[in-house]
Each structure stands twice: as structure tokens, then as C-alpha cells.
Amino acid sequence: MDFDFTDEQNMVRDGISRLIREQYDWDTRRGVIASESGWRPELWAQLAELGMLAAPFSEEDGGFGGATEAMIIMEEFGKGLAVEPFIPSVVCAGGFLKHGGSTAQREEYIGGIISGEMIFAFAYAEPRGRYDLANLETTAKADGSNYVLNGHKAVVIGAPWATHFVVTARTSGGQTDKDGVSVFIVAKDAQGVSTRDYATVDGRRASEVYFENVKLSGDALIGEAGNGLPLIEKVVDEATAATCAEAVGAMKVTNETTLDYSRQRKQFGVPIGSFQVLQHRMADMLMEYEQSVSMCYLATIKLDEDAATRKKNVSAAKVRIGQAGRFIGQSAIQTHGGMGMTDELAVGSYFKRLSIIEGEFGSVDHHMRRHIALTAA
Amino acid sequence: MNLEFTEEEKAFRAEVREFIENNYPQNIGTRGVQDEMSREDMLAWHKILGKKGWSVPAWPKEYGGTDWTPTQRYIWSEENARKNTVMPLPFGVAMVGPVIYTFGNEEQKAQHLPGIRSGDVWWCQGYSEPGAGSDLASLKTSAVRDGDDYILNGQKTWTTLAQHADWGFFLCRTDPDAPKPQMGISFILVDMNTPGIEVRPIKLIDGGYEVNEVWLTDVRVPATNLIGEENKGWTYAKFLLAHERSGIAGVARSKRGVEQLKEIAASEMLDGKPLIEDMGFATKISQLEIDLSALEITELRTLAGEQAGKGPGPESSLLKVKGTEIQQRLTELTLEAVGYYGAPDFRSFPDDGSNDFPIGPDYAHHAAPTYFNMRKTSIYGGSNEIQRNIITKMILGL
């Protein structure tokens with residue numbers, strides 16, 4: 001039992017941390033999210049050059065690591081609130097290819113993801129599906145060895161920057177059946193794909209994505225037709241763990257920022273950090289953070305175990321971190337007082353990101369329910 | 001980063017499990033509602049472990065410790081929790097023992113450490129006073145030097161299980177004029193059979209007599225019973241409190257408690273279905289389990305740090321706060337789960353030797369008293385508010 005990182009993992013952390021510290025300061029980020037494109041393609045190229053986009057892949061796929069590397073990178077992303085699509089492209093699409101892709105698919109796409117030339121978004125959520133991964137109105141009808149895709153995917157993060165989508169669709173069965181779910185790769189420029197792009201409240205870009213009679217060849221299918229749900233659950237659990245890591249990074253900076261502010265801000269002639277009522281709140285924030293770090297480690301460590309163990313621990317982590325993120329975010333704004341309400345301070349952006357993370361890949365309630373289903377015996 | 005135990009650690013687990021299985025006495029009760037257990041029963045396991053050399057695993061080898069790694073000690077506590085054993089009380093092995101071997105002289109070590117290891121000597125803790133709780137340094141019990149003795153006068157309180165104690169360790173004021181209250185305190189060992197000591201039981205809200213007042217009237221104690229230097233007692237007291245807090249998270253016991261709670265919730269019915277299937281109650285159990293997972297990993301991270309040579313630092317305050325919150329919530333949910341049968345007071349049940357008409361399920365009898373009793377956990381060992389002060393000062397640096 002140990003919680004140490006290998007030398008190589010420490011190098012990953014150092015590399016990404018330096019990049020974000022030096023090139024992703026608060027003012028730069030503000031400029032980036034306000035810009036036309038809303039992200040930094042040149043930073044993505046730099047990440048590729050440093051090998052960071054290869055970090056979670058195995059050696060045979062051209063990488064050098066796994067879930068722990070993804071955790072480290074996303075924790076550092078969280079500290080700087082980097083908006084680039086590491087989770088959609090590398091963790092999600094990369095995950096589908098790693099765990100379900102044919103040799104030909106891996107050769108065709110993983111290299112592109114690692115080099116940064118291909119950027120994927122993960123189109124799984126639907127307007128009426130909430131967090132149920134199998135509740136799909138999007139259909140892919142078999143047509144000989146081909147498929148015809150129709151449907152509407154909701155809030156597809158990073159879609160405006162993507163070259164490709166991974167899309168979940170129903171190939172058979174009723175709308176909420178566990179069976180009959182399949183996973184496809186769809187080029188964004190394929191005929192019949194359209195998007196409505198927008199910004200999100202936490203500084204990212206997303207799209208509503210529409211598929212209208214999009215013709216897909218049989219090669220576009222990842223894994224087995226109709227049996228995609230276990231694969232989707234596994235990849236979404238990996239993405240959830242990576243999102244937990246991002247939250248942990250964001251919470252760390254939120255706490256530090258709040259502590260700093262409490263030292264500087266004076267009221268009644270003394271720093272507000274000298275008031276016990278605020279001290280105890282910050283002690284609670286610290287405890288929530290430490291518990292979150294623990295759950296993030298636990299979820300990451302358990303990702304490769306059997307499905308029930310993996311789900312139980314990922315859900316436990318998402319519950320705990322969702323709750324901690326809400327407490328820390330709200331407490332940070334409260335401690336900053338009126339200044340916390342302005343758009344001038346970084347703390348507001350951390351609060352907003354933490355608030356949105358709460359609902360990503362399943363809310364506290366959703367994961368609580370899944371935890372209950374797996375543990376109440 | 002991994003949570004796997006090594007082959008050696010797995011072998012160790014098998015060894016201690018077998019030892020507990022073969023040696024734990026069958027005929028003693030379980031602690032919880034404590035005044036029901038006799039002194040002999042409470043010491044039974046301690047004495048067996050003393051003979052085996054496992055009663056003080058955390059001590060240095062030269063004083064009779066085991067050389068176990070922090071992970072092995074964790075496994076040890078897990079295996080004991082599995083069997084719900086009555087572990088050695090902390091007052092000797094976890095509190096005064098480390099103070100004696102760290103700050104005591106050779107005579108004191110020779111006199112006291114063997115009895116702590118073997119379980120032959122029962123220790124109690126003379127810290128709190130009616131006017132000195134969280135503000136412990138304001139204590140007033142005085143020790144005045146008189147030739148080769150100290151004369152002690154004052155009153156201690158909340159002295160746990162002092163009714164059984166052979167010896168006590170007392171914080172006394174030896175310099176009332178010191179510039180700061182912390183600077184005039186000494187750490188003195190007292191034979192509880194010394195004339196002038198009166199132990200008066202305090203009845204607690206759970207109906208039991210777990211703690212006492214200890215009155216000291218002209219108690220004459222040899223000056224050789226002073227630990228370390230006169231007026232330096234506060235240093236030793238703080239050292240002891242930090243030791244007391246490590247292991248205070250009680251993760252292994254709480255895990256077992258969650259299993260028991262689930263069994264109760266599976267037997268209790270709501271709308272014709274087991275209570276555990278009710279989404280409202282199931283959510284509370286899952287929340288508890290999740291929080292306990294977080295605490296467990298946090299404790300393991302602390303243990304891994306210890307293994308790498310970092311002593312128990314201020315993060316033990318976090319373990320204390322979160323561990324006690326969970327222990328309390330567990331008893332709270334148990335009382336909630338048993339419904340109406342939380343109300344009957346088992347101490348008033350007719351003692352007619354008949355089990356024909358039982359008063360509710362057995363698991364309900366102690367639910368309320370245990371819930372009442374466990375409110376102590378966020379108060380003792382430095383209240384949870386004091387722990388937050390420690391975190392503020394030592395970790396946040398405010």
C-alpha cells in the first residue's frame with residue numbers, strides 16, 4: 001500500500017504544472033475564454049509535443065501510462081481551470097478506443113489523438129435522458145453493413161473544437177433498454193451533422209449536435225453492436241474519476257485563495273482571518289478538500305477492478321467530491337464577501353467551475369442512487 | 001499508488017486473525033454500555049496480549065513494542081474490530097506509557113512500564129477540572145513541594161473508569177505565579193490508594209457510570225513521581241494528546257458498525273418492506289459509508305506518511321473530527337432505525353427470568369444509551385472545536 005507517484009508520474013505533474021503556471025495565468029485565461037475560438041489550439045499542440053496527450057495510453061498504443069496519469073493531468077488542469085478538451089478527447093474517445101476499438105480503429109485514431117491533430121468530443125447526453133446512459137432517442141438503423149444515424153445530443157463539451165465525435169445511439173430495443181446501445185465514431189464534417197455552438201457558464205464551449213440521416217460505415221462501430229452499455233459505463237467512470245481530479249485541483253486553489261484573502265482583508269481593524277467563525281469554516285474547507293483527495297485516489301485506484309467495485313467507488317467519490325465542491329465553492333464566495341460576487345476575482349470562476357462539475361457525469365443524487373443499488377444488500 | 005497489501009502483510013493478517021480466533025475469551029461481554037462490564041472482563045484480552053507481547057504494539061521495541069509497521073498496526077485494529085474485541089484501555093498503553101518512556105527516568109520506566117504492558121495496573125487520567133475543560137491550562141489543582149513530597153489539593157473531573165484505577169497521571173499547578181498558565185504545570189503520577197483521594201461516580205445521560213469526580217485533599221505524593229521537569233508538564237500533556245488522537249478515527253470499528261446498522265435496517269420494516277429499501281434511509285446509510293471510505297483513505301494516507309517517517313502531526317485533528325462525527329452518526333441512525341423500541345430503558349426491564357415476551361428486539365436495547373453516550377466523542381480528547389483551532393493554527397497558519 002502506498003500513495004507515492006513514480007518518477008515518471010512526477011515528471012508529468014511537473015511538466016503540466018509548469019505549463020499551466022507559466023502560460024495559463026488568470027488574465028490569460030480570461031482572454032482565452034472571451035476570444036472567438038474560446039480555447040488555445042497552440043497550447044494543445046504544446047501538450048501533444050510534451051507527450052501529455054499520450055499519458056493515459058499504454059505503450060502498445062503509443063503512450064506510457066493509464067488512469068493515474070490522467071488524474072495527475074486533470075488535477076493540474078483544475079488548478080488553472082484550463083478549458084482544453086483533455087477529458088472528451090483523450091479520456092473519453094481514447095478510452096473507447098483503448099477498451100473497445102479494433103486494431104484498425106486504434107491505428108487510425110489513437111495516433112491522431114496523441115498528436116493533437118484529431119480532437120474528439122463525446123456526444124452521449126440527450127435533452128430528455130438526464131444521467132441515464134441507456135436512455136437514448138438517438139438511433140442508428142442498420143442498413144446492410146452500414147448505419148443511418150438520427151438524433152440530437154445535448155451540451156456536447158468541446159464540440160466546437162472537435163474534428164470527430166464519439167456518439168452513443170440505439171441500434172435496437174426500447175428507449176431505456178440496457179441492450180441495444182451502440183457506440184460510433186462520426187466525423188464532424190460528415191454529411192448530415194450540424195451544431196449550434198455556445199459558451200458555458202464556466203468558461204468552456206459546447207454544442208447541441210444534430211444528426212440527420214448521417215450515413216456511417218460498419219467500421220464506425222466501436223465494440224459490439226447492441227452491447228455498448230458496459231463499455232460506455234466503464235469509459236464514463238474513467239471520465240468521472242478524471243473530473244473528480246479536476247475538482248480536487250480547483251478546490252485546492254479555491255482554498256488557498258480564500259485563505260490568502262482572509263489574511264489581507266481587514267475589517268474592525270484586523271484581518272478577517274483572525275475571526276474564529278471564519279477560521280473554523282476554513283478548517284472545514286480544508287477537511288473537505290483532504291477527504292476529496294482521498295476519494296479521488298480511491299476512485300482512480302479502483303478503475304481497473306470488476307465493474308461493481310469500480311462503480312461503487314467512482315460513485316462514492318463523485319458524491320463526496322460533489323458535496324465538497326459545493327461547500328468549498330459557496331464558502332469561498334461567502335468569505336470573500338462582496339468581492340466574491342464580482343467578475344474581477346478568480347474565486348468566482350473556481351466557484352462556477354465547481355458548481356458545473358457537480359452535474360457532470362451524474363449529480364450527487366444520481367451517484368448516491370447508484371451507490372445504494374450496489375451496496376444496500 | 002496502490003491499495004494492495006503485500007504478501008507479508010497478508011500473512012500477518014492471517015497470523016493475527018488466527019491468534020484472535022484461538023485466544024479471544026468467549027465468556028466476556030462487549031463494551032459499549034460500559035458499566036456493565038467487570039474490571040476482570042475489561043482486562044481479560046489485555047492480559048492475554050501482554051503475555052503474547054502484543055499489548056503495546058506502537059511502543060518502541062526496547063520498551064516491549066512489536067516493531068510492527070503502521071500498516072500492520074492498522075491490520076491489527078481491523079482484525080480486532082472484526083471480532084469486536086475489548087481492546088486494552090488507552091490510559092496506560094496509549095497515554096501515560098508513551099509519556100513515561102519518552103520523558104520519564106529509568107526508575108519510573110522500570111516501575112511502571114511492565115504493569116502497563118501486562119494489564120495488571122489500571123491507569124486513569126487526571127486532566128480536566130470543573131473550571132478547566134477546553135481551557136485545560138487554566139487548571140487549579142495544586143501540588144506544593146514539602147520536603148521529598150508534593151502535597152496535592154483540588155478536584156479533577158470526567159475521570160474515565162477511575163473507579164477501577166490503581167494509578168493516575170495528574171496535571172497539577174506547581175507555579176501559580178508563572179507568566180503564562182501553561183508554564184506552571186507539572187505532570188505527576190499518583191497511586192490511587194494514597195490517603196486523601198476520593199473517587200465519586202458521575203451518572204451520565206446514558207444511565208451509566210463511566211466517569212468520576214476525583215477529589216484530592218492533602219494527598220502526599222513522593223516527589224520522585226514527577227515526570228520530567230517541574231513546570232514542564234504542559235509539554236508532556238500536549239505530547240500525550242497528540243498520541244491520543246492517532247488511531248482515534250476508529251475506522252475499523254465504524255465499518256463493523258455500518259454492517260450492524262445494515263442488518264438492523266434489513267430487519268426493521270417500513271410499509272411492508274425492509275427499511276433498508278427505503279430511499280430516504282438508504283441514502284443516509286450510503287452517505288455514512290461514503291464518508292467512512294473517505295476517512296479510511298485519509299487515515300491510510302496518514303499511515304503511509306508515518307511509514308515514511310513523518311510523525312502524527314496536526315492531520316490527526318482531522319481524523320479525530322471526522323472519525324467522531326461518523327461514530328456519532330452511526331449511533332444516531334441506529335436509534336432512528338429501531339423506531340419505537342428505542343424508548344424502553346433496558347435497565348428497568350422486569351427481571352423475572354422469562355424470555356417469553358421479549359421487550360423489542362435485542363439490538364434495540366442499547367440503541368438509545370449508546371447514542372447518548374457517544375455524544376462524548378466530539379467533546380473528549382480536545383473538543384472538535386478545539387481540533388478546528390489546532391487545524392487553523394498548525395495547518396492554515398492563521
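Biologist: How many residues does the contact take from chain A, and how many from chain B?
Modeller: The structure is a predicted model. Its contact draws on chain A and on chain B, and the counts are 29 residues from chain A and 29 residues from chain B.

Biologist: Which helix supplies the largest share of the side of chain A that touches chain B?
Modeller: Three helices of chain A, namely H8, H9 (307-336) and H12 (364-375), each supply at least two residues of the side that touches chain B. The largest share is 13 residues, and the helix that gives it is H8(A).

Biologist: How do the residues on that side of chain A divide into nonpolar, polar and charged?
Modeller: The residues in question belong to the side of chain A that touches chain B. They divide into 17 nonpolar, eight polar and four charged.

Biologist: Is helix H8 of chain A largely enclosed or not enclosed by the rest of the structure?
Modeller: A residue is buried if 20 or more other C-beta atoms lie within 10 Å of its own. Of the 26 residues of H8(A), 21 are buried. Therefore, with respect to the rest of the structure, H8(A) is largely enclosed.

Biologist: How far apart are the end C-alpha atoms of H8(A)?
Modeller: The helix has 26 residues, and at 1.5 Å a residue it should span 38 Å. The model agrees with this expectation, because the end C-alpha atoms of H8(A) are separated by 37 Å.

Biologist: Which helix gives the most residues to the largest nonpolar core?
Modeller: The largest nonpolar core has 152 residues, and those with the most contacts inside it are A:Val166, A:Phe184 and A:Cys296. The helix that gives the most to this core, with 14 residues, spans residues 276-301 of chain A and is H8.

Biologist: How many residues are in the second, separate core?
Modeller: This second core is separate, and it includes B:Ala94, B:Leu152, B:Cys172 and B:Ile185. Its number of residues is 52.

Biologist: Which residues does A:Val167 touch, leaving aside its neighbours within four places in sequence?
Modeller: A:Val167 lies in strand E4 of chain A, which covers residues 164-170. With 28 C-beta neighbours inside 10 Å, A:Val167 counts as buried. Among the contacts of A:Phe184 are A:Ala140, A:Leu149 and A:Val167. Those of A:Val167 itself are A:Ala123, A:Leu149, A:Lys153, A:Phe184 and A:Val186.

Biologist: What distance separates the C-alpha atoms of A:Val167 and A:Ala140?
Modeller: Along the chain, A:Val167 and A:Ala140 are 27 residues apart. In space, the distance between their C-alpha atoms is 10.0 Å.

Biologist: What is the radius of gyration of chain A?
Modeller: Chain A contains 12 helices and 10 strands. For its 377 residues the globule rule gives 21 Å, and the computed value is close to this, so chain A is as compact as a globular protein of that length, with a radius of gyration of 21 Å.

Biologist: What percentage of the residues in chain A is buried?
Modeller: The C-alpha trace of chain A spans about 80 × 50 × 40 Å along its principal axes. Of the contacts in chain A with a separation of 6 or more, 74% are accounted for by residues 24 or more positions apart. Among the 377 residues of the chain, the buried share is 52%.

Biologist: What is the radius of gyration of chain B?
Modeller: Chain B has 12 helices and nine strands. A compact globule with 398 residues would have a radius of gyration near 21 Å. The value for chain B agrees with this, at 22 Å.

Biologist: What percentage of the residues of chain B counts as buried?
Modeller: Along the principal axes, the C-alpha atoms of chain B fill a box of roughly 75 × 55 × 50 Å. Residues 24 or more positions apart account for 72% of its contacts with a separation of 6 or more. Of its 398 residues, the share that counts as buried is 42%.

Biologist: Does A:Phe361 count as buried or exposed?
Modeller: Most residues other than glycine have a negative phi. A:Phe361 is not a glycine, yet its phi is positive, about 55°. The residue lies in the loop between helix H11 (346-357) and H12 of chain A. Because A:Phe361 has 24 C-beta neighbours inside 10 Å, it counts as buried.

Biologist: Does B:Asp67 count as buried or exposed?
Modeller: B:Asp67 also has a positive phi, near 70°. Its place is the loop between helix H2 (39-52) and helix H3 (70-82) of chain B. Because B:Asp67 has 9 C-beta neighbours inside 10 Å, it counts as exposed.

Terms used. Residues numbered from 1 in each chain as written. Chains lettered and ligands numbered in written order. Predicted model: local features only at pLDDT ≥ 70, side-chain atom pairs only at ≥ 80, totals over all residues. Core = buried A, V, L, I, M, F, W, Y, C linked by C-beta atoms within 7 Å. Buried ≥ 20, exposed ≤ 12 C-beta atoms within 10 Å, placed from the backbone. Helix = DSSP H or I, 4+ residues; strand = E, 2+ residues; numbered from the N terminus. Contact = placed C-beta atoms within 7 Å. Nonpolar A, V, L, I, M, F, W, Y, C, P; charged D, E, K, R; others polar. Rg over C-alpha atoms; globule rule 2.2 N^0.38 Å. Expected span 1.5 Å × (residues − 1).
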